[in-house]
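Visitor: I would like to go through this model by question and answer, starting with strand pairing and ending with the surface. Shall we put it on screen?

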Amino acid sequence: MFQVKLSLPNTDPAMVLDVLTSCIMWFFYALIPCLLIDGVAVLPAPQNLSVQSTNMKHLLTWSPVVVPGEIIDYFVEYQGEYESLYMSHIWIPSSWCSPTENPECDITDDITATVLYNLRVRATLGSQTSAWSTLKHPFNRNSTILTPPGLEVSKDGFHLVIKLEDLGPQFEFLVAYWRREPGAKEHIKMVRNGGVPVLLETAEPGAAYCVKAQTFVKAIGRHSAFSQAECVKLQGEALSLALALFAFVGFVLILVVVPFSIWKMGRLLQYSCCPVVVIPDTLEITNSPQKLISCRREEVEACATAMLSPEELFRAWS
């Protein structure tokens with residue numbers, strides 16, 4: 001076996017550096033034509049497209065294209081079954097994301113039917129445009145994840161009151177409630193809208209009741225799991241009767257005390273502002289003045305005679 005040894009002559013370091021610089025520049029200028037299509041630079045296409053869908057809210061996400069010091073715009077387009085079959089495979093720009101600076105797009109308003117949708121995204125920076133990146137598997141909204149609704153349970157007298165989470169106009173709710181005891185019958189009620197209080201049927205006083213709910217979306221024919229049961233105990237009948245009796249007694253007291261207080265205050269004000277003057281008995285005239293004037297002369301003279309002494313009476317007659 002032969003062995004070949006190559007020996008390099010002593011070289012100048014400056015010469016080696018020049019050679020390396022030339023190679024790098026040659027590689028750079030050779031790469032530029034590869035990045036141009038019709039004279040326009042091409043950006044990397046967005047990668048890792050996926051759709052996250054929960055409770056009929058659909059969000060398309062992708063990995064951002066990074067260019068240091070620059071802001072990248074993205075354009076999103078969709079193609080439904082109708083566009084694919086009857087409109088020559090046209091693509092429609094998304095309502096909210098053409099363009100957008102965020103690496104995500106809410107496509108809920110674009111997905112209007114329960115059919116397969118193709119989705120694609122591209123990046124732009126000035127005159128530079130990337131290739132379209134298409135979602136690997138078409139999206140159908142019937143794959144959305146339905147979660148149990150939020151549920152609040154309260155009481156109003158002998159009634160159960162519930163309030164369900166508002167998830168949008170497409171959602172209906174199936175509510176189940178029962179008395180918390182072994183073998184209790186479960187009652188079912190359909191609620192059309194969330195976000196507003198709903199009064200359930202009258203329940204027995206003093207008993208505890210439990211409520212649970214699930215969502216139903218008619219557009220996709222699916223429902224969620226039931227929520228955790230929420231329980232509440234209604235007030236007892238004896239307490240209600242006591243409260244009613246207390247209210248009745250209070251009402252009667254108000255009817256009696258308020259008028260009496262008003263009358264008493266009126267009397268006090270009358271005595272304070274307009275007091276009644278009482279005339280002593282010695283100054284009081286028992287007979288009318290007219291009777292005093294009409295007194296007969298004989299009675300007056302007899303009265304005067306009775307008051308004179310014998311000497312005065314003798315002089316009077318003489």
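Visitor: Which residue is the bridge partner of arginine 179 in S16?

Guide: This is a predicted model, and what follows is computed from it. Strand S13 covers 171-179 and strand S16 covers 208-217, and the two run antiparallel. In S16, arginine 179 is bridged to tyrosine 209.

Visitor: How many bridges join S13 to S16?

Guide: Besides the pair of arginine 179 and tyrosine 209, glutamate 172 stands opposite phenylalanine 216 in S16. The count for these antiparallel strands is 9 bridges.

Visitor: S13 also pairs with S14. Which residue in the turn of their hairpin has a positive phi?

Guide: S14 spans residues 186-191 and is joined to S13 by 6 bridges in antiparallel fashion. Within that pairing, leucine 174 has methionine 190 as its bridge partner. The hairpin has 6 residues between its strands, and the turn residue with a positive phi, about 75°, is glycine 183.

Visitor: What is the bridge partner of cysteine 210 in S18?

Guide: S18 comprises residues 230-233 and runs antiparallel to S16, with 4 bridges between them. In S18, cysteine 210 is paired with cysteine 231.

Visitor: And in the hairpin of S16 and S17, which residue takes a positive phi?

Guide: S17 consists of residues 222-223, and 2 bridges join this strand to S16, again antiparallel. One of the opposed pairs is valine 217 with arginine 222. There are 4 residues between the strands of this hairpin, and the residue with a positive phi, near 65°, is glycine 221.

Visitor: Is S16 largely enclosed or open, and how many of its residues are buried?

Guide: S16 has bridges to S13, to S18 and to S17. A residue counts as buried under 20% relative accessible area. S16 is largely enclosed by the rest of the structure, because the number of buried residues is 8 of 10.

Visitor: Which elements give two or more residues to the largest nonpolar core?

Guide: That core has 23 residues, and those with the most contacts inside it include Leu160, Phe171 and Val211. Leucine 160 touches residues such as Tyr177, Val198, Leu200, Val211 and Val232. The elements giving two or more residues are strands S12 (159-164), S13, S15 (197-202) and S16.

Visitor: How many residues are in the other core?

Guide: This second core lies apart from the one described above. Among its members are Leu49, Val65, Cys105 and Ile111, and its size is 21 residues.

Visitor: Turning to charges, how far apart in sequence are the parts tied together by arginine 120 and glutamate 77?

Guide: The structure holds 4 salt bridges, and in this one the closest N and O atoms are 2.7 Å apart. Both partners are buried: arginine 120 has a relative accessible area of 16%, and glutamate 77 one of 14%. Arginine 120 lies in S8 (residues 118-125) and glutamate 77 in S5 (residues 73-79), so the pair ties together parts whose separation in sequence is 43 residues.

Visitor: Where does arginine 192, the salt-bridge partner of glutamate 172, lie?

Guide: The closest N and O atoms of these two residues are 3.1 Å apart. Arginine 192 is exposed, since its relative accessible area is 51%. Glutamate 172 lies in strand S13, 20 residues away in sequence, while arginine 192 lies in the loop between S14 and S15.

Visitor: Arginine 179 came up earlier. Which residue meets it in a salt bridge?

Guide: Arginine 179 is partly exposed, with a relative accessible area of 25%. Its salt-bridge partner is also partly exposed, at 42%. The N to O distance is 3.5 Å, and the partner is glutamate 181.

Visitor: Is valine 249 exposed, partly exposed or buried?

Guide: Valine 249 lies in helix H3, residues 237-273. It belongs to a nonpolar surface patch of about 740 Å², together with residues including Phe248, Phe251 and Val252. Because its relative accessibility is 42%, valine 249 counts as partly exposed.

Visitor: Finally, what share of the chain's residues is buried?

Guide: The chain has 6 helices and 18 strands, and it exposes about 23100 Å², of which carbon and sulfur atoms supply 62%. Of contacts between residues at least 6 apart in sequence, 64% join residues at least 24 apart. Among the 318 residues of the chain, the buried share is 24%.

Terms used:
Residues numbered from 1 in each chain as written. Predicted model: local features only at pLDDT ≥ 70, side-chain atom pairs only at ≥ 80, totals over all residues. Heavy atoms only, no water. Core = buried A, V, L, I, M, F, W, Y, C linked by side-chain atoms within 4.5 Å. Buried < 20%, exposed > 50% of the residue type's maximum accessible area, 1.4 Å probe, protein only. Contact = heavy atoms within 4.5 Å. Patch = residues over 30% accessible without salt bridge, like charges linked within 9 Å, V, L, I, M, F, W, Y side chains within 5 Å. Areas by Shrake-Rupley, 256 points an atom, 1.4 Å probe, with all protein chains shown as cover. Salt bridge = Lys/Arg side-chain N within 4 Å of Asp/Glu carboxyl O. Pairing = 2+ DSSP bridges. Lists of a residue's contacts leave out its neighbours within four places in sequence.
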